[in-house]
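Got your viewer open? Let's take a walk through this one, selecting a few things at a time.

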Amino acid sequence: AEGLTAVGENDSFLMEYDEENADVYVTDKRSGKVWSNAVSASYYGEGAESKKNFLTNLMTVRVASESGNLTQYNITDAGGGTAKYAVVPTYQKNENKVTLEITIAKTGIADLVFRFEMWLDEDGLNCAVPEAGIDERGGNMLVALTVMPAFGAAMSTEDGYMLVPDGSGTLIHFKGYDLPNTTLKTMPLYGANTQDIELIDQNKEQNIYNVMLPVYGIRHHDGAMLAAVTEGAGDMSLNVALGGYQVANLNRAYFQIDYRTYATHTVNDKEYTTIAEYKNPGDHAVKYFLLDDEHNDYSGMAVRYRRYLQEECGLGRHAEEPTVLLEMAGAYAEKESVLGLTLEQSKPATTFQQARTILEEFAGEGIADLSVVYTSVNEKGRYRSKAGVFRPDAVLGGQKGLQTLAAYCREANIPLMPEIDVFSHYAKKSALSLDRFAKRINEEPVKVYRYSPATNQTEEDLFRYLTRPSNWLADWQNMLKACRKADISSV
(Lines give C-alpha, C1' and ligand atoms only; values in the text may rest on other atoms or scores of the structure.)
Protein backbone atom coordinates (compact mmCIF):
# COMPACT_ATOMS: atom_id res chain seq x y z
CA ALA A 1 0.00 0.00 0.00
CA GLU A 2 1.06 3.62 -0.51
CA GLY A 3 3.34 4.93 2.23
CA LEU A 4 3.98 1.44 3.61
CA THR A 5 7.26 -0.49 3.60
CA ALA A 6 7.17 -4.30 3.61
CA VAL A 7 9.38 -5.35 6.52
CA GLY A 8 8.51 -9.02 6.94
CA GLU A 9 6.69 -11.84 5.22
CA ASN A 10 6.11 -15.57 5.53
CA ASP A 11 3.58 -18.07 4.18
CA SER A 12 0.75 -16.76 6.37
CA PHE A 13 1.46 -13.08 7.08
CA LEU A 14 2.76 -9.85 5.58
CA MET A 15 4.06 -7.07 7.87
CA GLU A 16 4.26 -3.46 6.64
CA TYR A 17 5.44 -0.34 8.45
CA ASP A 18 4.32 3.28 7.99
CA GLU A 19 7.39 5.41 8.79
CA GLU A 20 5.54 8.73 8.84
CA ASN A 21 2.84 7.63 11.28
CA ALA A 22 4.79 4.96 13.20
CA ASP A 23 2.12 2.34 12.51
CA VAL A 24 2.48 -1.37 11.82
CA TYR A 25 0.08 -3.40 9.66
CA VAL A 26 -0.07 -7.20 9.56
CA THR A 27 -2.11 -8.82 6.81
CA ASP A 28 -3.34 -12.36 7.36
CA LYS A 29 -2.96 -13.94 3.91
CA ARG A 30 -5.33 -16.74 4.82
CA SER A 31 -8.32 -14.43 5.30
CA GLY A 32 -7.21 -11.03 4.05
CA LYS A 33 -7.85 -9.43 7.46
CA VAL A 34 -5.50 -6.59 8.45
CA TRP A 35 -4.41 -6.13 12.06
CA SER A 36 -2.84 -2.84 13.18
CA ASN A 37 -2.06 -0.61 16.12
CA ALA A 38 -3.89 2.14 14.16
CA VAL A 39 -7.69 2.16 14.11
CA SER A 40 -8.76 3.58 10.74
CA ALA A 41 -11.18 6.49 10.41
CA SER A 42 -13.35 4.38 8.10
CA TYR A 43 -13.74 1.82 10.88
CA TYR A 44 -14.15 4.21 13.80
CA GLY A 45 -16.19 6.89 12.02
CA GLU A 46 -16.47 10.62 12.65
CA GLY A 47 -14.23 12.08 15.35
CA ALA A 48 -11.30 9.76 14.63
CA GLU A 49 -8.87 12.65 14.11
CA SER A 50 -9.58 14.11 17.55
CA LYS A 51 -8.90 10.70 19.14
CA LYS A 52 -5.46 10.21 17.58
CA ASN A 53 -3.78 9.63 20.94
CA PHE A 54 -5.92 6.54 21.41
CA LEU A 55 -6.57 5.32 17.87
CA THR A 56 -3.08 5.51 16.33
CA ASN A 57 -0.90 5.11 19.41
CA LEU A 58 2.07 2.79 18.98
CA MET A 59 2.73 2.99 22.71
CA THR A 60 2.49 5.22 25.75
CA VAL A 61 5.71 5.96 27.65
CA ARG A 62 5.73 7.29 31.22
CA VAL A 63 8.99 8.97 32.26
CA ALA A 64 10.03 10.51 35.60
CA SER A 65 12.52 13.35 35.83
CA GLU A 66 15.24 13.48 38.47
CA SER A 67 13.00 15.77 40.55
CA GLY A 68 10.14 13.23 40.45
CA ASN A 69 7.89 14.87 37.85
CA LEU A 70 5.98 12.35 35.74
CA THR A 71 5.38 12.96 32.02
CA GLN A 72 3.43 10.73 29.65
CA TYR A 73 4.24 10.56 25.93
CA ASN A 74 1.86 9.09 23.37
CA ILE A 75 3.86 7.80 20.39
CA THR A 76 1.38 8.57 17.61
CA ASP A 77 3.77 9.25 14.70
CA ALA A 78 7.47 9.47 13.86
CA GLY A 79 7.91 12.67 15.87
CA GLY A 80 9.38 15.94 14.68
CA GLY A 81 7.76 19.37 14.84
CA THR A 82 6.58 20.05 18.38
CA ALA A 83 6.79 16.39 19.41
CA LYS A 84 9.11 15.58 22.31
CA TYR A 85 10.12 12.25 20.88
CA ALA A 86 11.53 10.66 17.72
CA VAL A 87 10.99 7.20 16.21
CA VAL A 88 13.71 5.92 13.86
CA PRO A 89 13.22 2.47 12.23
CA THR A 90 15.81 0.00 10.99
CA TYR A 91 14.95 -3.16 9.11
CA GLN A 92 16.37 -6.68 9.12
CA LYS A 93 14.47 -8.23 6.23
CA ASN A 94 16.27 -11.55 6.49
CA GLU A 95 14.82 -11.83 10.00
CA ASN A 96 11.36 -10.43 9.16
CA LYS A 97 12.06 -7.79 11.82
CA VAL A 98 11.79 -4.03 12.26
CA THR A 99 13.54 -2.31 15.16
CA LEU A 100 12.39 1.13 16.28
CA GLU A 101 14.79 3.33 18.24
CA ILE A 102 12.63 5.67 20.30
CA THR A 103 14.15 8.78 21.84
CA ILE A 104 12.35 10.89 24.43
CA ALA A 105 13.79 14.43 24.44
CA LYS A 106 11.62 16.86 26.38
CA THR A 107 14.24 19.62 26.44
CA GLY A 108 15.87 18.87 23.11
CA ILE A 109 18.42 16.65 24.85
CA ALA A 110 17.81 12.90 24.95
CA ASP A 111 16.28 11.98 28.32
CA LEU A 112 15.61 8.35 27.46
CA VAL A 113 16.36 5.99 24.58
CA PHE A 114 14.98 2.48 24.14
CA ARG A 115 14.32 -0.09 21.41
CA PHE A 116 11.01 -1.61 20.33
CA GLU A 117 11.30 -4.71 18.15
CA MET A 118 8.62 -6.33 15.96
CA TRP A 119 8.88 -9.51 13.89
CA LEU A 120 6.76 -12.21 12.30
CA ASP A 121 6.65 -15.93 12.90
CA GLU A 122 4.21 -18.69 11.97
CA ASP A 123 1.77 -17.60 14.70
CA GLY A 124 1.61 -13.89 13.88
CA LEU A 125 3.28 -10.81 15.36
CA ASN A 126 5.87 -10.59 18.14
CA CYS A 127 6.94 -7.42 20.02
CA ALA A 128 9.74 -6.92 22.51
CA VAL A 129 11.45 -4.24 24.58
CA PRO A 130 14.98 -5.58 25.30
CA GLU A 131 16.64 -4.58 28.55
CA ALA A 132 19.94 -3.95 26.74
CA GLY A 133 18.33 -1.24 24.59
CA ILE A 134 17.20 1.00 27.50
CA ASP A 135 19.40 4.02 28.13
CA GLU A 136 18.26 6.40 30.91
CA ARG A 137 20.04 9.74 30.84
CA GLY A 138 20.32 12.84 33.03
CA GLY A 139 18.62 11.24 36.02
CA ASN A 140 15.46 10.47 34.03
CA MET A 141 13.75 7.16 34.78
CA LEU A 142 11.51 4.91 32.70
CA VAL A 143 8.43 4.22 34.83
CA ALA A 144 5.99 2.36 32.55
CA LEU A 145 5.34 1.54 28.92
CA THR A 146 2.15 0.30 27.25
CA VAL A 147 2.41 -1.98 24.23
CA MET A 148 0.22 -1.03 21.23
CA PRO A 149 -2.93 -0.05 23.18
CA ALA A 150 -5.22 -0.12 20.14
CA PHE A 151 -3.96 -3.32 18.47
CA GLY A 152 -7.02 -5.46 17.73
CA ALA A 153 -9.43 -2.86 19.18
CA ALA A 154 -13.10 -3.53 18.33
CA MET A 155 -16.19 -1.34 18.05
CA SER A 156 -19.19 -1.91 20.29
CA THR A 157 -21.19 -2.58 17.13
CA GLU A 158 -19.04 -5.66 16.43
CA ASP A 159 -20.53 -9.11 16.87
CA GLY A 160 -17.57 -10.12 19.02
CA TYR A 161 -16.15 -10.24 22.51
CA MET A 162 -13.08 -9.90 24.71
CA LEU A 163 -11.56 -12.70 26.80
CA VAL A 164 -10.08 -11.64 30.16
CA PRO A 165 -8.48 -14.41 32.29
CA ASP A 166 -9.65 -13.25 35.73
CA GLY A 167 -10.35 -16.31 37.87
CA SER A 168 -11.78 -18.96 35.54
CA GLY A 169 -12.10 -16.37 32.74
CA THR A 170 -14.58 -13.73 31.58
CA LEU A 171 -16.13 -13.10 28.17
CA ILE A 172 -17.25 -9.50 27.57
CA HIS A 173 -19.52 -9.14 24.54
CA PHE A 174 -19.13 -5.86 22.64
CA LYS A 175 -22.59 -5.41 21.16
CA GLY A 176 -24.53 -2.89 23.16
CA TYR A 177 -21.63 -2.28 25.55
CA ASP A 178 -21.61 1.53 25.56
CA LEU A 179 -21.35 2.75 29.13
CA PRO A 180 -20.47 6.48 29.24
CA ASN A 181 -18.59 6.35 32.57
CA THR A 182 -16.62 3.15 32.09
CA THR A 183 -13.26 3.31 33.86
CA LEU A 184 -9.95 1.75 32.89
CA LYS A 185 -9.30 -1.53 34.66
CA THR A 186 -5.62 -2.18 35.39
CA MET A 187 -4.92 -5.67 36.69
CA PRO A 188 -1.40 -6.82 37.65
CA LEU A 189 -0.67 -10.20 36.11
CA TYR A 190 -1.05 -12.97 38.71
CA GLY A 191 -2.52 -10.50 41.21
CA ALA A 192 -1.45 -7.46 43.19
CA ASN A 193 1.56 -7.62 45.49
CA THR A 194 -0.44 -6.52 48.51
CA GLN A 195 -0.51 -7.41 52.18
CA ASP A 196 -3.84 -5.68 52.79
CA ILE A 197 -5.91 -8.51 54.24
CA GLU A 198 -9.13 -6.47 54.25
CA LEU A 199 -8.72 -5.64 50.56
CA ILE A 200 -8.16 -9.30 49.66
CA ASP A 201 -11.29 -10.31 51.60
CA GLN A 202 -13.34 -7.50 50.02
CA ASN A 203 -12.29 -8.61 46.54
CA LYS A 204 -13.38 -12.16 47.28
CA GLU A 205 -16.77 -10.96 48.54
CA GLN A 206 -17.26 -8.93 45.33
CA ASN A 207 -16.11 -11.81 43.10
CA ILE A 208 -13.03 -9.85 41.98
CA TYR A 209 -10.39 -12.36 40.97
CA ASN A 210 -6.74 -12.16 40.01
CA VAL A 211 -5.60 -12.37 36.39
CA MET A 212 -4.29 -15.93 36.47
CA LEU A 213 -2.71 -16.10 33.00
CA PRO A 214 -0.68 -13.47 31.10
CA VAL A 215 -3.09 -13.38 28.15
CA TYR A 216 -6.16 -11.70 26.70
CA GLY A 217 -8.19 -12.33 23.58
CA ILE A 218 -10.26 -10.22 21.17
CA ARG A 219 -12.70 -11.60 18.63
CA HIS A 220 -14.05 -9.54 15.71
CA HIS A 221 -16.81 -10.68 13.38
CA ASP A 222 -14.13 -11.58 10.82
CA GLY A 223 -11.21 -12.80 12.90
CA ALA A 224 -9.70 -13.29 16.33
CA MET A 225 -6.39 -12.81 18.12
CA LEU A 226 -4.85 -13.91 21.38
CA ALA A 227 -2.12 -11.79 23.03
CA ALA A 228 0.26 -13.50 25.45
CA VAL A 229 3.27 -12.28 27.42
CA THR A 230 6.24 -14.49 26.60
CA GLU A 231 8.89 -12.68 28.68
CA GLY A 232 8.71 -10.53 31.81
CA ALA A 233 5.12 -11.26 32.89
CA GLY A 234 5.95 -10.70 36.57
CA ASP A 235 6.48 -6.97 35.94
CA MET A 236 3.44 -6.40 33.74
CA SER A 237 -0.24 -5.50 34.00
CA LEU A 238 -3.29 -5.99 31.82
CA ASN A 239 -5.33 -2.89 30.95
CA VAL A 240 -8.95 -3.26 29.82
CA ALA A 241 -10.67 -0.17 28.37
CA LEU A 242 -14.25 -0.89 27.37
CA GLY A 243 -16.50 1.28 25.19
CA GLY A 244 -17.09 4.58 26.97
CA TYR A 245 -13.61 5.06 28.44
CA GLN A 246 -11.73 7.82 26.56
CA VAL A 247 -12.89 6.54 23.16
CA ALA A 248 -16.63 6.06 22.72
CA ASN A 249 -17.73 2.68 21.35
CA LEU A 250 -14.16 1.31 21.16
CA ASN A 251 -13.09 -1.70 23.23
CA ARG A 252 -9.38 -2.19 23.88
CA ALA A 253 -7.06 -4.42 25.89
CA TYR A 254 -3.30 -4.11 26.13
CA PHE A 255 -0.32 -4.97 28.29
CA GLN A 256 1.68 -2.49 30.35
CA ILE A 257 5.30 -2.97 31.41
CA ASP A 258 5.75 -1.65 34.95
CA TYR A 259 9.42 -0.77 35.30
CA ARG A 260 9.11 1.19 38.55
CA THR A 261 6.58 1.63 41.32
CA TYR A 262 5.52 5.07 42.46
CA ALA A 263 3.12 6.67 44.90
CA THR A 264 1.43 10.05 44.94
CA HIS A 265 0.79 11.72 48.30
CA THR A 266 -0.42 15.11 49.48
CA VAL A 267 1.28 17.29 52.11
CA ASN A 268 -0.21 20.67 53.01
CA ASP A 269 -2.51 20.53 49.98
CA LYS A 270 0.47 20.00 47.67
CA GLU A 271 0.82 16.81 45.68
CA TYR A 272 4.15 14.92 45.64
CA THR A 273 5.23 11.83 43.75
CA THR A 274 7.73 9.35 45.16
CA ILE A 275 9.32 7.02 42.62
CA ALA A 276 11.35 3.90 43.38
CA GLU A 277 14.87 4.10 42.00
CA TYR A 278 14.99 0.32 41.52
CA LYS A 279 14.00 -0.66 37.97
CA ASN A 280 12.55 -4.10 37.28
CA PRO A 281 15.17 -5.77 35.07
CA GLY A 282 14.94 -8.14 32.13
CA ASP A 283 13.48 -8.32 28.64
CA HIS A 284 9.74 -8.01 28.02
CA ALA A 285 7.93 -9.55 25.06
CA VAL A 286 4.37 -10.08 23.79
CA LYS A 287 3.18 -12.51 21.11
CA TYR A 288 -0.01 -11.87 19.12
CA PHE A 289 -1.48 -15.14 17.88
CA LEU A 290 -3.54 -14.22 14.80
CA LEU A 291 -5.99 -17.09 14.57
CA ASP A 292 -7.28 -18.69 11.40
CA ASP A 293 -10.97 -19.13 10.60
CA GLU A 294 -11.11 -22.57 12.18
CA HIS A 295 -9.91 -21.33 15.59
CA ASN A 296 -11.19 -17.73 15.79
CA ASP A 297 -13.25 -18.09 18.95
CA TYR A 298 -12.54 -18.42 22.67
CA SER A 299 -12.09 -22.19 22.53
CA GLY A 300 -9.57 -21.70 19.70
CA MET A 301 -7.74 -19.15 21.86
CA ALA A 302 -7.51 -21.69 24.68
CA VAL A 303 -6.34 -24.47 22.35
CA ARG A 304 -3.66 -22.27 20.79
CA TYR A 305 -2.30 -21.06 24.15
CA ARG A 306 -2.23 -24.60 25.52
CA ARG A 307 -0.27 -25.71 22.46
CA TYR A 308 2.18 -22.83 22.99
CA LEU A 309 2.69 -23.82 26.63
CA GLN A 310 3.27 -27.43 25.62
CA GLU A 311 5.60 -26.75 22.69
CA GLU A 312 7.52 -23.71 23.93
CA CYS A 313 7.32 -23.89 27.73
CA GLY A 314 7.48 -27.63 28.41
CA LEU A 315 3.99 -27.99 29.90
CA GLY A 316 3.02 -31.64 30.16
CA ARG A 317 6.52 -33.05 29.74
CA HIS A 318 7.09 -35.70 32.40
CA ALA A 319 10.00 -37.87 33.33
CA GLU A 320 9.37 -41.62 33.46
CA GLU A 321 9.39 -41.38 37.25
CA PRO A 322 7.91 -38.00 38.31
CA THR A 323 9.44 -36.22 41.30
CA VAL A 324 7.16 -35.82 44.33
CA LEU A 325 7.52 -32.47 46.09
CA LEU A 326 6.67 -32.98 49.75
CA GLU A 327 6.09 -29.92 51.94
CA MET A 328 6.29 -30.33 55.71
CA ALA A 329 5.47 -27.75 58.37
CA GLY A 330 7.78 -27.59 61.39
CA ALA A 331 7.01 -25.47 64.46
CA TYR A 332 4.47 -22.78 65.18
CA ALA A 333 3.87 -20.42 68.10
CA GLU A 334 0.85 -20.59 70.36
CA LYS A 335 0.00 -18.28 73.23
CA GLU A 336 -0.62 -19.95 76.59
CA SER A 337 -1.39 -18.71 80.06
CA VAL A 338 1.21 -19.79 82.65
CA LEU A 339 0.78 -18.63 86.26
CA GLY A 340 -1.33 -15.71 85.05
CA LEU A 341 1.18 -14.71 82.42
CA THR A 342 0.61 -15.02 78.68
CA LEU A 343 3.60 -16.70 77.11
CA GLU A 344 4.35 -17.70 73.55
CA GLN A 345 5.17 -21.42 73.38
CA SER A 346 6.56 -23.50 70.52
CA LYS A 347 4.37 -26.32 69.24
CA PRO A 348 5.47 -29.04 66.82
CA ALA A 349 3.57 -29.73 63.62
CA THR A 350 6.13 -32.20 62.21
CA THR A 351 9.24 -33.12 64.23
CA PHE A 352 12.47 -34.11 62.50
CA GLN A 353 11.96 -37.73 63.63
CA GLN A 354 8.41 -37.71 62.25
CA ALA A 355 9.73 -36.29 58.98
CA ARG A 356 12.20 -39.17 58.67
CA THR A 357 9.45 -41.70 59.41
CA ILE A 358 7.29 -40.20 56.66
CA LEU A 359 10.16 -40.35 54.16
CA GLU A 360 10.89 -43.99 55.09
CA GLU A 361 7.22 -44.87 54.54
CA PHE A 362 7.28 -43.20 51.09
CA ALA A 363 10.42 -45.20 50.23
CA GLY A 364 8.70 -48.38 51.45
CA GLU A 365 5.89 -47.72 48.97
CA GLY A 366 8.39 -47.45 46.13
CA ILE A 367 8.29 -43.63 45.88
CA ALA A 368 11.97 -42.82 45.98
CA ASP A 369 12.17 -39.70 43.82
CA LEU A 370 11.34 -37.12 46.49
CA SER A 371 12.16 -33.51 47.24
CA VAL A 372 11.30 -32.03 50.64
CA VAL A 373 10.54 -28.42 51.53
CA TYR A 374 10.56 -28.03 55.32
CA THR A 375 8.85 -24.81 56.45
CA SER A 376 8.93 -23.14 59.88
CA VAL A 377 12.07 -24.93 61.08
CA ASN A 378 13.47 -22.01 63.09
CA GLU A 379 12.41 -21.20 66.66
CA LYS A 380 8.63 -20.89 67.11
CA GLY A 381 8.13 -21.22 63.38
CA ARG A 382 10.04 -18.06 62.61
CA TYR A 383 12.09 -17.93 59.44
CA ARG A 384 14.69 -16.16 61.53
CA SER A 385 14.94 -13.80 64.50
CA LYS A 386 17.85 -11.74 63.27
CA ALA A 387 20.35 -11.76 60.42
CA GLY A 388 22.58 -14.82 60.35
CA VAL A 389 20.72 -16.73 63.09
CA PHE A 390 19.38 -20.17 62.19
CA ARG A 391 18.38 -22.14 65.30
CA PRO A 392 16.20 -25.22 64.68
CA ASP A 393 13.43 -25.33 67.30
CA ALA A 394 14.00 -27.69 70.23
CA VAL A 395 10.42 -29.04 70.02
CA LEU A 396 11.29 -30.40 66.58
CA GLY A 397 14.51 -32.03 67.74
CA GLY A 398 16.90 -29.11 67.78
CA GLN A 399 20.10 -28.77 65.81
CA LYS A 400 21.13 -32.40 66.35
CA GLY A 401 17.75 -33.62 65.14
CA LEU A 402 18.04 -31.61 61.94
CA GLN A 403 21.61 -32.84 61.42
CA THR A 404 20.41 -36.45 61.75
CA LEU A 405 17.57 -35.84 59.28
CA ALA A 406 19.96 -34.11 56.87
CA ALA A 407 22.38 -37.05 57.04
CA TYR A 408 19.54 -39.48 56.26
CA CYS A 409 18.41 -37.37 53.30
CA ARG A 410 21.97 -37.20 51.92
CA GLU A 411 22.32 -40.98 52.12
CA ALA A 412 18.88 -41.48 50.49
CA ASN A 413 19.63 -38.83 47.84
CA ILE A 414 16.61 -36.74 48.87
CA PRO A 415 16.97 -32.95 48.46
CA LEU A 416 16.03 -31.32 51.78
CA MET A 417 15.25 -27.58 51.68
CA PRO A 418 14.46 -25.79 54.96
CA GLU A 419 12.56 -22.60 54.17
CA ILE A 420 14.72 -19.67 55.21
CA ASP A 421 13.65 -16.06 54.69
CA VAL A 422 16.46 -13.50 54.51
CA PHE A 423 14.13 -10.66 53.60
CA SER A 424 12.35 -10.05 56.90
CA HIS A 425 12.47 -10.30 60.69
CA TYR A 426 10.10 -11.64 63.32
CA ALA A 427 11.18 -8.98 65.78
CA LYS A 428 9.87 -5.99 67.63
CA LYS A 429 10.82 -2.64 66.23
CA SER A 430 12.88 -1.95 69.32
CA ALA A 431 14.92 -5.14 68.81
CA LEU A 432 16.65 -3.96 65.67
CA SER A 433 18.28 -0.83 64.41
CA LEU A 434 15.62 1.15 62.53
CA ASP A 435 17.89 1.56 59.52
CA ARG A 436 17.44 -2.18 58.82
CA PHE A 437 13.73 -1.83 58.02
CA ALA A 438 12.12 -1.07 54.67
CA LYS A 439 9.83 1.89 55.27
CA ARG A 440 6.66 3.30 53.80
CA ILE A 441 6.23 6.94 52.80
CA ASN A 442 5.07 7.74 56.36
CA GLU A 443 8.32 6.22 57.76
CA GLU A 444 6.46 3.24 59.26
CA PRO A 445 8.25 -0.12 58.79
CA VAL A 446 6.70 -2.41 56.17
CA LYS A 447 4.82 -5.39 57.63
CA VAL A 448 4.47 -8.78 55.91
CA TYR A 449 1.64 -10.88 57.32
CA ARG A 450 1.87 -14.65 57.59
CA TYR A 451 -0.27 -17.75 57.78
CA SER A 452 -0.71 -19.50 61.13
CA PRO A 453 -1.05 -23.33 61.17
CA ALA A 454 -2.57 -23.01 64.64
CA THR A 455 -5.62 -21.07 63.40
CA ASN A 456 -5.53 -22.01 59.69
CA GLN A 457 -5.72 -18.37 58.62
CA THR A 458 -3.67 -15.25 58.06
CA GLU A 459 -3.71 -13.20 61.26
CA GLU A 460 -3.15 -9.48 61.52
CA ASP A 461 -1.06 -9.80 64.70
CA LEU A 462 1.25 -12.36 63.04
CA PHE A 463 3.64 -10.45 60.88
CA ARG A 464 7.30 -9.83 60.28
CA TYR A 465 9.11 -6.66 59.29
CA LEU A 466 10.53 -6.36 55.81
CA THR A 467 14.28 -5.73 55.70
CA ARG A 468 15.80 -2.99 53.56
CA PRO A 469 16.78 -4.47 50.16
CA SER A 470 20.32 -3.12 50.59
CA ASN A 471 20.81 -5.64 53.44
CA TRP A 472 19.51 -8.74 51.65
CA LEU A 473 22.78 -9.95 50.13
CA ALA A 474 24.79 -9.60 53.36
CA ASP A 475 22.01 -11.27 55.37
CA TRP A 476 21.86 -14.15 52.89
CA GLN A 477 25.63 -14.68 53.18
CA ASN A 478 25.37 -14.62 56.98
CA MET A 479 22.52 -17.16 56.88
CA LEU A 480 24.58 -19.53 54.73
CA LYS A 481 27.41 -19.25 57.25
CA ALA A 482 24.96 -20.09 60.05
CA CYS A 483 23.82 -23.21 58.15
CA ARG A 484 27.40 -24.34 57.60
CA LYS A 485 28.16 -23.75 61.27
CA ALA A 486 25.19 -25.96 62.14
CA ASP A 487 26.77 -28.75 60.01
CA ILE A 488 23.90 -28.79 57.53
CA SER A 489 25.81 -27.17 54.69
CA SER A 490 24.60 -29.76 52.16
CA VAL A 491 20.94 -29.05 52.94
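How many aromatic pairs does a search of the whole structure find? Seven aromatic pairs turn up, and keep in mind that this is a predicted model.

Start by selecting Tyr-216 and Phe-255. Their ring centres are 5.1 Å apart and the planes meet at 55°, so this pair counts as tilted. Now colour the strands: Tyr-216 belongs to strand 17 (residues 215–220), while Phe-255 belongs to strand 20 (residues 250–258), so the pair ties together parts that are 39 residues apart in sequence. Buried or exposed, what is Tyr-216? Switch on the surface: Tyr-216 is buried, at 0% relative accessibility, and Phe-255 is buried too, at 1%.

Next, pick Tyr-305 and Tyr-308. Here the ring centres are 5.9 Å apart with the planes at 25°, so this pair is stacked. Both residues sit in helix 4 (residues 298–313), three residues apart, which is about one turn of the helix. Tyr-305 is buried at 9% relative accessibility, and Tyr-308 is buried with a value of 9%.

For a group of rings, select Trp-35, Phe-151 and Tyr-288, which ring pairs link into a cluster.

Now for charges over rings. Show Lys-97 and Trp-119: the lysine lies over the face of the tryptophan, 5.2 Å from the ring centre. Then show Lys-287 with Phe-289, where the charged end of the lysine sits over the phenylalanine ring, 5.6 Å from its centre.

Time for a sheet. Select strands 24, 27 and 28: they form an open sheet of three strands, in the order 24-27-28, with parallel pairing. At the edges you'll find strand 24 (324–329) and strand 28 (416–418), each pairing on one side only. Look along the sheet and you'll see neighbouring strands turned by 20° against each other on average, direction ignored. Zoom in on strand 24 and strand 27 (residues 370–375), which pair in the parallel sense over six bridges. Which residue in strand 27 is the bridge partner of Leu-325? Click on Ser-371, and you have that partner. Then add helix 5 (residues 352–364), which lies across strand 24 and strand 27 and runs at about 160° to strand 24.

Last stop, the cysteines. With a cut-off of 2.5 Å between the sulfur atoms, the disulfide count is zero. Select Cys-313 and you'll find a partly exposed residue, with a relative accessible area of 48%. Cys-409, by contrast, is buried at 2% relative accessibility.

Note on methods: Residues are numbered from 1 along each chain as its sequence is written. This is a predicted model: local features need pLDDT of at least 70, side-chain atom pairs count only at pLDDT 80 or more; totals for chains, interfaces and linings use all residues. Side-chain values use heavy atoms; hydrogens and water are left out. Buried means under 20% relative accessible area, exposed over 50%, partly exposed in between (1.4 Å probe, protein chains only). Rings of Phe, Tyr and Trp (its six-membered ring) pair if their centres lie within 6.5 Å; planes under 30 degrees apart count as stacked, over 60 as edge-to-face and the rest as tilted. Helices (H or I, at least four residues) and strands (E, at least two) are DSSP runs, numbered from the N terminus. A charge sits over a ring if NZ of Lys or CZ of Arg is within 6 Å of the ring centre and within 35 degrees of the ring normal. Two strands pair if DSSP finds at least two bridges between them. Axes are lines fitted to C-alpha atoms, for helices over the stretch in contact, and angles run from 0 to 180 degrees between N-to-C directions. Contact means heavy atoms within 4.5 Å.
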